[in-house]
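These are my notebook entries on a structure that I looked up part by part. I set down each point in the order in which I checked it.

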2 protein chains.
Amino acid sequence: MKLYTYFRSSAAYRVRIALNLKGLSYDAIPVHLLRGGGEQLQESYRAINPSGLVPSFEDGGMTLTQSIAILEYLEEAYPQTPIMPADAIGRARVRELAQIIACDIHPVNNLRVLRYLVRDLGLSEEQKTEWYRHWLVGGLEALENHLARDLAGGAFCHGDTPTIADCCLVPQVFNAQRNGIDIAAYPAIARINAACIAMPAFVAAHPSNQPDAE
Amino acid sequence: MKLYTYFRSSAAYRVRIALNLKGLSYDAIPVHLLRGGGEQLQESYRAINPSGLVPSFEDGGMTLTQSIAILEYLEEAYPQTPIMPADAIGRARVRELAQIIACDIHPVNNLRVLRYLVRDLGLSEEQKTEWYRHWLVGGLEALENHLARDLAGGAFCHGDTPTIADCCLVPQVFNAQRNGIDIAAYPAIARINAACIAMPAFVAAHPSNQPDAE
């Protein structure tokens with residue numbers, strides 16, 4: 001299998017964690033999001049992923065995009081080391097937590113949006129930073145409250161083993177910290193993140209441990 | 001079961017379609033996103049959904065938020081009239097299409113983001129419209145290309161019956177049309193939308209047919 005990835009992409013990072021948790025080896029094909037106006041926007045890459053985004057994933061003859069769809073596919077196709085709970089309500093809860101990050105936080109704060117604010121709308125760096133903080137802080141507060149209310153117990157987002165929700169949480173925390181946000185204000189998030197990043201699967205997926213790291 | 005909904009919310013509209021497709025009756029609890037500074041932000045609603053967003057869904061003793069998590073839960077808990085394909089690759093494809101809408105288009109163009117652009121960043125109505133068009137058009141083009149490449153045949157996003165992807169497509173098209181976008185430029189999207197909106201389940205879920213419609 002192949003993963004089209006960029007070391008700092010939160011969405012690619014999610015998939016790298018899941019592949020590692022399941023012990024699946026893959027070829028990492030780097031797609032540089034900044035070089036040459038963005039390799040992800042070039043014709044050759046759009047033939048793989050018409051959205052012009054990373055990650056893209058190839059398994060057998062199939063090409064799949066969208067990180068959450070890839071995570072769900074990995075769980076169905078490679079059930080070893082499950083990353084979803086066994087019960088329907090548990091799965092619903094995990095999907096809810098994952099989507100809070102994947103729909104409410106990440107899309108408004110990713111590279112293409114921040115770039116558009118500065119380049120196309122002419123916002124200042126300060127306004128961009130305020131935008132980032134606004135959506136991130138609101139999102140982390142909501143996630144913290146959901147976790148506090150819904151916690152199934154255990155060291156992770158839901159129970160005693162990492163799930164798709166943890167695959168989303170860790171890259172979001174990394175992104176926040178890189179942007180100067182202190183996550184100590186969110187004790188459940190901080191505790192779960194600490195439990196995750198101690199695991200080899202998460203370490204190996206970290207941006208700094210990727211072949212294309214700078 | 002109860003659905004906290006707003007007639008024009010795309011995310012609530014997705015869930016209404018799925019409930020109708022499965023023939024599940026529910027109590028609609030309107031949450032007015034504009035009145036009183038937004039009922040979704042009030043303490044009493046945040047006790048139900050800490051994110052302060054619609055929809056929220058209650059079934060038995062469980063409260064669940066995030067439209068895609070609710071759709072997946074409905075499919076697992078109420079398998080009648082499936083809204084997901086029977087095969088893993090088909091399910092992956094449907095999730096990919098749904099996430100293109102739910103992660104790449106809707107979050108940057110929803111009410112709270114458009115409001116922030118105008119109220120907090122002081123953008124003009126023209127700049128807001130240009131922002132909306134930019135993300136919508138890019139997203140619809142990507143979706144059209146994914147559909148053209150991946151189409152499993154049949155009248156809908158994937159095959160001969162509506163899936164979670166169609167539950168997301170129709171509200172996004174409604175939102176686009178309400179904002180003056182002509183979807184004729186996207187023939188696969190236009191054709192699939194036409195097939196969907198002819199079905200009673202989609203008609204009953206339409207914003208204009210909700211108890212809180214204005």
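**Entry 1. Domains**

Which domains does the domain assignment of chain A give? I noted first that this is a predicted model. The assignment divides chain A into domain 1, residues 2-81, and domain 2, residues 88-201. I then took the centres of the two domains of chain A over C-alpha atoms and found 20 Å separating them.

**Entry 2. Contact between the domains of chain A**

I next looked at how the two domains of chain A meet. On one side I counted 14 residues of domain 1, and these are in contact with 20 residues of domain 2. The area buried between the two domains comes to about 1700 Å², and carbon and sulfur atoms give 67% of that area.

How many salt bridges are counted between domain 1 and domain 2 of chain A? The count is one. I also looked up a salt bridge between A:Arg95 and A:Glu72, in which the closest N and O atoms are 2.6 Å apart. For polar contacts, the rule finds two residue pairs across this domain interface, with both residues at pLDDT 80 or more.

I then asked which elements make up the side of domain 1 of chain A that touches domain 2. Helices α1 (10-21) and α3 (67-77) of chain A each supply at least two residues to that side. Of the elements, α1(A) gives the most, with seven residues. By class, I recorded nine nonpolar, two polar and three charged residues on this side of domain 1.

**Entry 3. Contact between the chains**

I turned to the interface of chain A and chain B. The contact takes 45 residues from chain A and 45 residues from chain B. Together the chains bury about 4100 Å², with 60% of it on carbon and sulfur atoms.

How many salt bridges does the rule find across the interface of chain A and chain B? I recorded six. The search of the whole structure, over all chains, gives 16 salt bridges. I picked out the pair of B:Arg95 and A:Glu76, whose side chains meet in a salt bridge at 3.0 Å, N to O. This pair crosses between chains, running from B:Arg95 in helix α4 (residues 88-109) of chain B to A:Glu76 in helix α3 of chain A. I also noted 16 residue pairs in polar contact between chain A and chain B, both residues being at pLDDT 80 or more.

On the side of chain A that touches chain B, I found that β4 (62-65), α3, α4 (88-109), α5 (111-119) and α6 (125-150) of chain A each supply at least two residues. The largest share, 14 residues, comes from α4(A). I sorted this side of chain A by class and obtained 25 nonpolar, 10 polar and 10 charged residues.

**Entry 4. Relation of the two copies**

What rotation superposes chain A on chain B? I recorded a rotation of 180° with 0.0 Å of shift along its axis, and the RMSD is 0.0 Å. The two copies are thus related as by a two-fold rotation axis. I then looked for the C-alpha of chain A nearest the axis, which is that of A:Cys103, at 2.5 Å. The same surface serves both copies, as 100% of the contact residues of chain A recur in chain B.

**Entry 5. Backbone details**

Lastly I checked the backbone. I found a cis peptide bond joining A:Val54 and A:Pro55, with omega about 0°. A:Pro55 lies in the loop between α2 (43-46) and β3 (56-59) of chain A. In chain B, a cis peptide bond joins B:Val54 and B:Pro55, and there omega is about 5°. I placed B:Pro55 in the loop between α2 (43-46) and β3 (56-59) of chain B.

Where in chain A is A:Gln66 found? I located A:Gln66 in the loop between β4 and α3 of chain A. Phi of A:Gln66 is near 75°, and I noted this as a positive value in a residue other than glycine.

Methods
Residues numbered from 1 in each chain as written. Chains lettered and ligands numbered in written order. Predicted model: local features only at pLDDT ≥ 70, side-chain atom pairs only at ≥ 80, totals over all residues. Heavy atoms only, no water. Domains from an automatic or database assignment. Contact = heavy atoms within 4.5 Å. Buried area = accessible area lost by both parts, 1.4 Å probe. Salt bridge = Lys/Arg side-chain N within 4 Å of Asp/Glu carboxyl O. Polar contact = N/O pair within 3.5 Å; in protein donor to acceptor, adjacent residues only side chain to side chain. Helix = DSSP H or I, 4+ residues; strand = E, 2+ residues; numbered from the N terminus. Nonpolar A, V, L, I, M, F, W, Y, C, P; charged D, E, K, R; others polar. Least-squares fit on C-alpha atoms with pLDDT ≥ 70 in both.
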